[in-house]
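Please read the following account alongside the sequence and the coordinates. The order is cores, ligand shell, annotated positions, two helices, and then some backbone details.

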Amino acid sequence: QDDIFKNVISHAKEYGYIFPSSEIYDGLSAVYDYAQNGVELKRNIREYWWKSMVQMHENIVGIDASIFMHPTTWKASGHVDAFNDPLIDNKDSKKRYRADVLIEDYCEKLHQKALKEIEKAQKRFGDSFDEAEFVNTNPRVIGYHTKKKEILERMARGLDSGDLADVKALIEELEIADPESGSKNWTEVRQFNLMFGTKLGASADTAMDLYLRPETAQGIFVNFLNVQKTGRMKIPFGIAQTGKAFRNEIVARQFIFRMREFEQMEMQYFVKPGEEMKWYEYWKETRHKWHLSLGLGAENYRFHDHEKLAHYANAATDIEFNFPFGFKELEGIHSRTDFDLKAHEQHSGKKLQYFDNETNSSFTPYVVETSVGLDRLFLAVFSKSLQEEVLEDGSVRTVLRLPSVLAPTKAAILPLVRKDGLPDIAKDIIEDLKWEFNVAYDDKDAVGRRYRRQDALGTPFCITVDHQTLEDKTVTIRHRDSMKQDRVAISDLKSIINDEISI
Ligand code: ATP
């Protein structure tokens, strides 16, 4: 697994997808830059999301709110008081960890042990195995599950009540060791606010303390009534937004999975109170289907319903993805009740209610949110697409099987040789195609090597201009995944590519 992940990171760099930020100064921890191909892939993912949310839903509109917001926003949303991670240091290794993550990892191990028991029994009993019955009656499995539940409940109690000494006691009782050094010599647990602070204004005494937004959602809530009124929106309706968010993450070591500056794609769906669970289920299913449409394999997704809910939620689930380092959160779907609108109403003194023409009455809508990290989606798509395959002749081919709709370059146009007028025809083809999609030109090296380079870049098509083209205006078109080549008319290229890149 480690090797696969390392390979993903080095491929992303070598093929111009992702560079460490300010690399000439040895980089900056957990900050990355999207390179010439990465920016296109990221843009295509964003656009694919936007189209499915905004363009395909009559009742969802988009906005683009500012990163800076009035500081009271974050008081109202609860971020000033509660957007904390409990951190703990190991006294020997001097490494810093999230106490909750250490405990959750311990619980995941218990969960894995239970799964092993189930697997063993499955093998033993074969077809007659009744998993539900086994899980409910086997003392070992029950033991693992109960212990896990008790630990998580105790942790939640400690974090919610501020009894951090008990969270530390829990870590000590479970004998959790520093994953790197094995030491069990821990400091106290303390809360650490994840928001980045900054100042607005030049003079020291009038400057205002601001935060960089830690989520895009609040920009939607504070604009709720403006959008509803000017767009004459009728409930249920949604507001979508993509944009940067900032969190001073304590542990950020998993490439673009957890960054300090990242991008979110969020949609807040405003519904009638009492109908939120219906819409929560609807968006769970809709978002799951959306992920499956990318073709990365249904087995790579799972839901993780939350037992411990955030202060604003009455139901929450994560869509987890099988990243190179295991299943982790990709998207969150939260039923946020009327917490945010009510809180902003209270702090601003402005009414944030929906007027229902039919019943002639006002109410505060409930909200169901879908929130996905663009960078995490990028990592999901990129890591699953990167494959090595052994060809018939025994050689190994590296191919980035990106969904065609997301590929940065849709086709590379290659003149077989750099003479006899072939480059001119290739450039004419580019002139014609570039209005519709990103295309690239390459005339260096033998054509076989150029194919391999485009495979590694994820380009779905290579179009080769050869001597026959001079006679009959046809070219070969090579498909990245099958490596099959067809002879087609230049005039058919557009429709062939369009067929492939529309889902
Ligand atoms: P985690 O538990 O992994 O820290 P979270 O539950 O805090 O995530 P949310 O606040 O629900 O995340 O944010 C919604 C989405 O934003 C997440 O599902 C994830 O895809 C993305 N996201 C959150 N934090 C980061 C980060 N530091 N870097 C990249 N993406 C992030």
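What follows is a walk through a predicted model.

The nonpolar interior is a convenient place to start. In soluble globular proteins, nonpolar side chains tend to be buried together. Here the largest nonpolar core has 35 residues, and those touching the most other members are Ile256, Leu377, Phe378, Leu379, Val381 and Phe382. At least two residues of this core come from each of helix 1 (2-14), strand 2 (32-34), helix 2 (36-55), strand 10, strand 12 (315-323) and helix 13 (374-385). Helix 13 gives the largest share, 7 residues. Leu379 shows the kind of contacts involved: not counting residues up to four places away in sequence, Leu379 touches Phe255, Ile256, Phe257 and Phe323. Another core lies apart from this one; it has 22 residues, among them Met53, Phe270, Leu341 and Tyr366.

The ligand is next. Its shell consists of 16 residues, of which the closest are Phe262, Gly332, Ser371, Gly373 and Arg376. Strand 10, strand 13, strand 16 and helix 13 each contribute at least two residues to this shell, and strand 13 has the largest share with 4 residues.

The annotation can be set beside this. An unreviewed UniProt entry lists under "binding site" Arg98, Glu215, Phe262, Glu263, Gln264, Met265, Glu266, Glu369, Thr370, Ser371, Val372 and Gly373. These positions span 276 residues in sequence and their farthest two C-alpha atoms are 25.8 Å apart, so they do not all gather at one spot.

Two glutamates from that UniProt list deserve a separate look. Glu266 belongs to strand 10 (residues 261-271), while Glu369 belongs to strand 16 (residues 366-373). Are they buried or exposed? The cut-off for burial is 20 or more other C-beta atoms within 10 Å. Glu266 has 23 such atoms within 10 Å and is therefore buried; Glu369 also counts as buried, with 23 C-beta neighbours inside 10 Å. Leaving aside neighbours within four places in sequence, Glu266 is in contact with Thr216, Ala217, Gln241, Glu369, Thr370 and Ser371. On the same basis, the contacts of Glu369 are Ala217, Glu266, Met267, Gln268, His334 and Arg336. The two glutamates thus appear in each other's contact lists.

Helix 11 (residues 276-292) packs against some of these strands. Its 17 residues should span 24 Å at 1.5 Å a residue, and the end C-alpha atoms are 24 Å apart, which agrees. Glu276, Trp279, Tyr280, Trp283 and Arg287 are the buried residues of helix 11. They cover an arc of only 105° around the axis, which puts them on the same side of helix 11. That buried set packs against strand 10, strand 12, strand 13 and strand 16. The face turned away from the buried side carries the exposed residues Glu285 and Lys289.

Helix 14 (residues 422-433) can be read in a similar manner. It has 12 residues and reaches 17 Å from its first C-alpha to its last, close to the 16 Å expected at 1.5 Å a residue. Which residues of helix 14 are buried? They are Leu422, Ala426 and Ile429. Viewed down the axis of helix 14, these fall within an arc of 60°, so they line one face of the helix. Their cover includes strand 19 (411-415), strand 20 (439-441), strand 21 (461-465) and helix 17 (493-501). Asp424 and Glu431, on the other side of helix 14, are exposed.

Some backbone details remain. Most residues other than glycine have a negative phi, and most peptide bonds are trans. Ile235 and Pro236 are joined by a cis peptide bond, with omega about 0°. Pro236 sits in the loop between helix 10 (224-230) and strand 9 (237-246). Thr337, which is not a glycine, has a positive phi near 55°. Thr337 lies in strand 13 (residues 326-337) and counts as partly exposed, with 19 C-beta neighbours inside 10 Å. Lys473 likewise has a positive phi near 55°. Lys473 is placed in the loop between helix 16 (467-472) and strand 22 (474-479), and with 11 C-beta neighbours inside 10 Å it counts as exposed.

Technical notes: Residues numbered from 1 in each chain as written. Predicted model: local features only at pLDDT ≥ 70, side-chain atom pairs only at ≥ 80, totals over all residues. Expected span 1.5 Å × (residues − 1). Buried ≥ 20, exposed ≤ 12 C-beta atoms within 10 Å, placed from the backbone. Arc of directions from axis to C-beta. Contact = placed C-beta atoms within 7 Å. UniProt positions renumbered as here; feature names shortened; annotations may be inferred. Core = buried A, V, L, I, M, F, W, Y, C linked by C-beta atoms within 7 Å. Near = placed C-beta within 6 Å.
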